[in-house]
Amino acid sequence: MFEEMLSYEEFQDRFSTEKECMDYLYQAKWPLGFVCPECAHSHAYVITTRNHPLYECAYCHHQTSLTVDTILEGTRTDLRKWFIAFYLVSTPKSISALKLMDIIDVTCELPRT
Ligand SMILES: [Zn+2]
């Protein structure tokens, strides 16, 4: 996901806000600018009333977002936390899910034994 290997500090610095994470996803999804997934039109209106912006095609009015069709679709967790999670699990010294949850401060249902 991340081309160059940044140190943890550099990484936190680069992705210190939701907007920086959004910008990164935008570049990854539409490197040449918005492309409607339905009709390939290149102009969209941005709807920013939600936590994460929606992009509405100016031609066919199809709505999409940066996280549609990714594992982040529908997430209510901050993108920053996901980015840190991706970073941490992609480092050579991989860490456990429990440690990760502790670091990024999220909870999840663990299977009962
Ligand atoms: Zn369209």
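Colleague: How do you know that strand 1 and strand 2 are joined, and which way do they run?

Modeller: Strand 1 and strand 2 are joined by 4 bridges and run antiparallel. Pairing requires at least two bridges, so the two strands count as paired. This is a predicted model, and the bridges are computed from its coordinates. Ile 47 stands opposite Leu 54 of strand 2, and Tyr 45 has Glu 56 of strand 2 as its bridge partner.

Colleague: What joins strand 2 to strand 3?

Modeller: Strand 2 and strand 3 are joined by 3 bridges and also run antiparallel. With a requirement of at least two, this too is a pair. Glu 56 stands opposite Gln 63 in strand 3. Glu 56 is also the bridge partner of Tyr 45.

Colleague: Why is one side of strand 1 and of strand 3 left without a neighbour in the sheet?

Modeller: The 3 strands form an open sheet in the order 1-2-3, with antiparallel pairing. Strand 1 (44–47) and strand 3 each have a single partner strand and stand at the edges, so each has one side with no neighbour in the sheet. From one strand to the next, the twist averages 30°.

Colleague: Which residues of strand 2 are on the covered face and which on the uncovered one?

Modeller: Tyr 55 and Cys 57 make up the covered face, while Leu 54 and Glu 56 are on the uncovered face. In a regular strand, side chains alternate between the two faces of the sheet.

Colleague: And where do the helices come in the chain?

Modeller: The pattern along the sequence is α-α-β-β-β-α-α, made of 4 helices and 3 strands. Of the 113 residues, 8% count as buried. For contacts between residues at least 6 apart in sequence, 28% join residues at least 24 apart.

Colleague: Why is helix 2 called roughly perpendicular to helix 3?

Modeller: The axes of helix 2 (residues 18–29) and helix 3 (residues 79–90) cross at roughly 65° and come within 8 Å. Roughly perpendicular covers 65 to 115 degrees, so helix 2 is given that name relative to helix 3. The crossing of helix 2 past helix 3 is left-handed.

Colleague: Which residues make the contact, and how do they divide into nonpolar, polar and charged?

Modeller: Helix 2 supplies Glu 18, Cys 21 and Met 22, and helix 3 supplies Leu 79, Arg 80 and Phe 83. These residues divide into 4 nonpolar, no polar and 2 charged. Cys, Met, Leu and Phe count as nonpolar, and Glu and Arg as charged.

Colleague: What makes the phi of Ala 40 worth a remark?

Modeller: Ala 40 has a positive phi of about 70° although it is not a glycine. Most residues other than glycine have a negative phi. Ala 40 is in the loop between helix 2 and strand 1.

Colleague: Why is Ala 40 called exposed or buried?

Modeller: Ala 40 has 10 other C-beta atoms within 10 Å. Exposed means 12 or fewer, so Ala 40 is exposed.

Colleague: Which residue takes a positive phi in the hairpin of strand 2 and strand 3?

Modeller: His 61 does, with phi near 65°. The hairpin has 5 residues between its strands, and His 61 lies in that loop.

Colleague: Why is His 61 placed in its exposure class?

Modeller: His 61 has 13 other C-beta atoms within 10 Å. Exposed ends at 12 and buried starts at 20, so His 61 is partly exposed.

Colleague: And why is Tyr 59 placed in its class?

Modeller: Tyr 59 has 14 C-beta neighbours inside 10 Å, so Tyr 59 also falls between the two limits and counts as partly exposed. Tyr 59 is in the loop between strand 2 (54–57) and strand 3 (63–65).

Colleague: What is Tyr 59 in contact with, leaving aside its neighbours within four places in sequence?

Modeller: Tyr 59 is in contact with Cys 36, Cys 39 and His 41. The C-alpha atoms of Tyr 59 and Ser 42 are separated by 8.8 Å, with the two residues 17 apart along the chain.

Colleague: Why is Asp 105 counted as exposed or buried?

Modeller: Asp 105 has 9 C-beta neighbours inside 10 Å, and the limit for exposed is 12 or fewer, so Asp 105 is exposed. Asp 105 is in the segment after helix 4 (97–104). The C-alpha atoms of Asp 105 and Lys 81 are separated by 8.2 Å, and the residues are 24 apart along the chain.

How values were computed
Residues are numbered from 1 along each chain as its sequence is written. This is a predicted model: local features need pLDDT of at least 70, side-chain atom pairs count only at pLDDT 80 or more; totals for chains, interfaces and linings use all residues. Two residues are in contact if their C-beta atoms, placed from the backbone, lie within 7 Å. Axes are lines fitted to C-alpha atoms, for helices over the stretch in contact, and angles run from 0 to 180 degrees between N-to-C directions. Angles under 35 degrees count as roughly parallel, over 145 as roughly antiparallel, 65 to 115 as roughly perpendicular and the rest as oblique. A crossing is left-handed if the near helix is turned anticlockwise from the far one by less than a right angle, and right-handed if clockwise.
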